[in-house]
Amino acid sequence: MGGRQREAPRCVILPCRLFVVPLLLVVLGAPWPVAPVWSMDRYELMQILRTIPPNGPFETYGNTALRPPPKKGSMDPVYFPHWSHRARYDCRVCHLELKFSIYKGETRISRRKNLAGKYCGACHDGKTAFAVKDNALCSRCHQPDKNAFNQAFAAFTRRLPAAEFGNGIDWAKAAQEGYIDPLHTLQPGNQPPMPLPEKLLKPLELGTKAPRSGILFSHQDHMGWLDCSNCHPEIFDIQKEGTQYFSMESNIYGQFCGVCHMRTAFPMSDCHRCHPGMKNHRTGGGSF
Ligand code: HEC
Ligand code: HEC
Ligand code: HEC
Ligand code: HEC
Ligand code: HEC
Ligand code: HEC
């Protein structure tokens, strides 16, 4: 692969104590089975597997608690289910056209803006979806129980292609094979995603010298969901190899690929989908 090695000043990005844990494990022996085909540096692998947070139940992956919650006692908090919306709309509809931030807690959603037809109110107007102004339906969004959508999830997911992590749904395959057909815009006429310039059709080689870390990043895989400005320039430099401090650790901490691939899209535990040369692993803590 590219042979690129980007070393971040580690203790700046990560708390140093994280590197003590894997050291102890080297001494005590790894508590999880390591596949025989694995030839990556053991220390590096353990460090990575160790820091990935548990996936949690499939049905709550990507359910975002909205902030700020309404004042105590006035209304229950709002949990936004990504799974139900992303089956109907691309990320770009909300994270570009409707100006929802892709970082939790950044969007100033309020009752007033919803009633004015912004944010949730852009669709929850009584025509596209149940209305924000209907007094009988407040509790469909304001509810104390963040597991309230579990039943609907079970029914929804039954017919979709499965994946190992995240929502337990292979969203890429679901879209490719027509199980879902998310709208790409709220403007009249559902325009197809912008065609990619020739240069970007060829997947980019990312990755480092670590064995099997090689990645082919495909712009094409992403353009059905996103807009260029969802990634450039905020998350990734638009020059190949221009992104600073880009590493697996920072991915796991929710930066770079991890902005989406720890919260909404399939998570970092699914090594094989990004690193075709790797197998997936289970961590010792029984977290998955
Ligand atoms: C119907 C609207 C809608 C759609 C479609 C949508 N999102 Fe979101 N997303 C939101 C809202 C609302 C938030 C919360 C924003 C806030 O708190 O400021 C959010 C938050 C996020 C976050 C931060 C979550 C967290 O827990 O930190 C990520 C990452 C994200 N979205 C990615 C995506 C991706 C990727 C897609 C497409 C697969 C997508 N979203 C589709 C509305 C949407
Ligand atoms: C489509 C989902 C949705 C529905 C339906 C809804 N709300 Fe909200 N509401 C939100 C979101 C999102 C926020 C802002 C984030 C938060 O406060 O958790 C909010 C905020 C509020 C706030 C906090 C104060 C403010 O101005 O931001 C109040 C009060 C409120 N809603 C009242 C209501 C009432 C009353 C109803 C029913 C008539 C209702 N909401 C229906 C999504 C909804
Ligand atoms: C781009 C359009 C769109 C936006 C923006 C949107 N929704 Fe929805 N939402 C829908 C549609 C369509 C449905 C399903 C139709 C219905 O149940 O009336 C739905 C359903 C829901 C449901 C019920 C879950 C389900 O699928 O049964 C909740 C809860 C919800 N939305 C909350 C929110 C909140 C909170 C926001 C704002 C943060 C929001 N929605 C923004 C279109 C949207
Ligand atoms: C999902 C995130 C994502 C989206 C969406 C995205 N890019 Fe990129 N892009 C990347 C990454 C990652 C790189 C590599 C950055 C690096 O190596 O530091 C990159 C690199 C590039 C490069 C440099 C390629 C080279 O070979 O030198 C260009 C040009 C580019 N993107 C343009 C675009 C355009 C135009 C769009 C919209 C059509 C787009 N990107 C959408 C993530 C994205
Ligand atoms: C802005 C959000 C976002 C960012 C940033 C992002 N992705 Fe994705 N990616 C997605 C979404 C959404 C999908 C669709 C599949 C899903 O949701 O699970 C996807 C799909 C993929 C797929 C296709 C999987 C398949 O089975 O077809 C790969 C591989 C992938 N991403 C790798 C990466 C890599 C590597 C990076 C960082 C260089 C990255 N992505 C950054 C949102 C993002
Ligand atoms: C969403 C995509 C994605 C997934 C899933 C993923 N990786 Fe990575 N990984 C990357 C990217 C991108 C890089 C290269 C960063 C760069 O270019 O410097 C990387 C780099 C690495 C490296 C090289 C050292 C380093 O820190 O950069 C190792 C080792 C690695 N990954 C291991 C894993 C393991 C183990 C898993 C599963 C537990 C995994 N990766 C899952 C995207 C991913």
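The pLDDT is the predictor's confidence in each residue, from 0 to 100. The structure described here is a predicted model, and across the chain the pLDDT averages 82, with 82% of the residues scoring at least 70. Two stretches call for some caution. Over residues 1-39 the pLDDT stays under 50, and the model has 45 contacts beyond four places in sequence for this stretch. The pLDDT is also below 50 over residues 284-288, a stretch with nine contacts in the model beyond near neighbours in sequence.

With that in mind, the overall architecture can be taken in. The chain contains 15 helices and four strands. Of its 288 residues, 21% count as buried. Among contacts between residues at least 6 apart in sequence, 56% join residues at least 24 apart.

The largest nonpolar core is a good place to start inside the fold. This core has nine residues, namely Leu45, Met46, Ile48, Leu49, Ile52, Met248, Ile252, Met262 and Met268. Two or more of these residues come from each of α3 (42-51) and α13, and α3 gives the most, with four residues.

Three ligand sites can now be visited in turn, beginning with ligand 1. This ligand is surrounded by 26 residues, of which His85, Cys91, Cys94, Lys104 and Thr107 are the closest. The elements giving two or more residues to the shell are α4 (82-86), α5 (91-97) and α14 (258-261). The most generous of these is α5, which gives four residues to the shell around ligand 1. By class, the residues around ligand 1 comprise 13 nonpolar, eight polar and five charged. Domain 1 (1-55 + 185-223 + 232-288) and domain 2 (59-160) both give residues to this shell, so ligand 1 lies between the two domains.

The site of ligand 4 comes next. Here 22 residues form the surroundings, and the closest are His222, Cys228, Cys231, Lys240 and Thr243. Two or more residues of this shell come from each of β3 (204-206), α11 (219-223) and α12 (228-231). The class make-up around ligand 4 is twelve nonpolar, seven polar and three charged residues.

Ligand 5 completes the set of sites considered here. Of the 22 residues around ligand 5, those that come nearest are Trp171, Ala172, Cys257, Cys260 and Ala265. At least two residues of the shell are supplied by each of α9 (171-176), β4 (215-217), α11, α12, α14 and α15 (271-274). The helix α14 gives the most to the shell around ligand 5, with three residues. Sorted by class, this shell holds 17 nonpolar, three polar and two charged residues. Some helices thus recur from site to site: α14 gives two or more residues to the shell around ligand 1 and at least two to that around ligand 5, while α11 and α12 each give two or more to the shell around ligand 4 and at least two to the shell around ligand 5.

The backbone also offers some details worth pausing over. Most residues other than glycine have a negative phi, and most peptide bonds are trans. Against that background, the loop between α12 and α13 (248-252), where Pro233 lies, deserves a closer look. The peptide bond from His232 to Pro233 is cis, with omega near 0 degrees. Glu241 is found in the loop between α12 and α13 as well, and its phi is near 65 degrees, a positive value in a residue other than glycine. With 13 other C-beta atoms within 10 Å, Glu241 is partly exposed. Tyr245 is another residue of the loop between α12 and α13. Although Tyr245 is not a glycine, this residue has a positive phi of about 60 degrees. Tyr245 counts as partly exposed, with 15 C-beta neighbours inside 10 Å.

A last point of interest is Asp145, which is placed in the loop between α7 (138-141) and α8 (150-157). Asp145 has 10 other C-beta atoms within 10 Å; a residue with 12 or fewer is classed as exposed, and therefore Asp145 is exposed. Asp145 and Asp76 are 69 residues apart in sequence, and their C-alpha atoms are 9.0 Å apart in space.

Technical notes
Residues are numbered from 1 along each chain as its sequence is written. Chains are lettered from A and ligands numbered from 1 in the order in which they are written. This is a predicted model: local features need pLDDT of at least 70, side-chain atom pairs count only at pLDDT 80 or more; totals for chains, interfaces and linings use all residues. A residue is near a molecule or strand if its C-beta atom, placed from the backbone, lies within 6 Å of it. Ala, Val, Leu, Ile, Met, Phe, Trp, Tyr, Cys and Pro count as nonpolar, Asp, Glu, Lys and Arg as charged, and the others, Gly among them, as polar. Domain bounds come from an automatic or database domain assignment. A residue is buried if 20 or more other C-beta atoms lie within 10 Å of its own, exposed if 12 or fewer, and partly exposed in between; C-beta atoms are placed from the backbone. Two residues are in contact if their C-beta atoms, placed from the backbone, lie within 7 Å. A nonpolar core is a set of buried Ala, Val, Leu, Ile, Met, Phe, Trp, Tyr and Cys residues joined through C-beta atoms within 7 Å.
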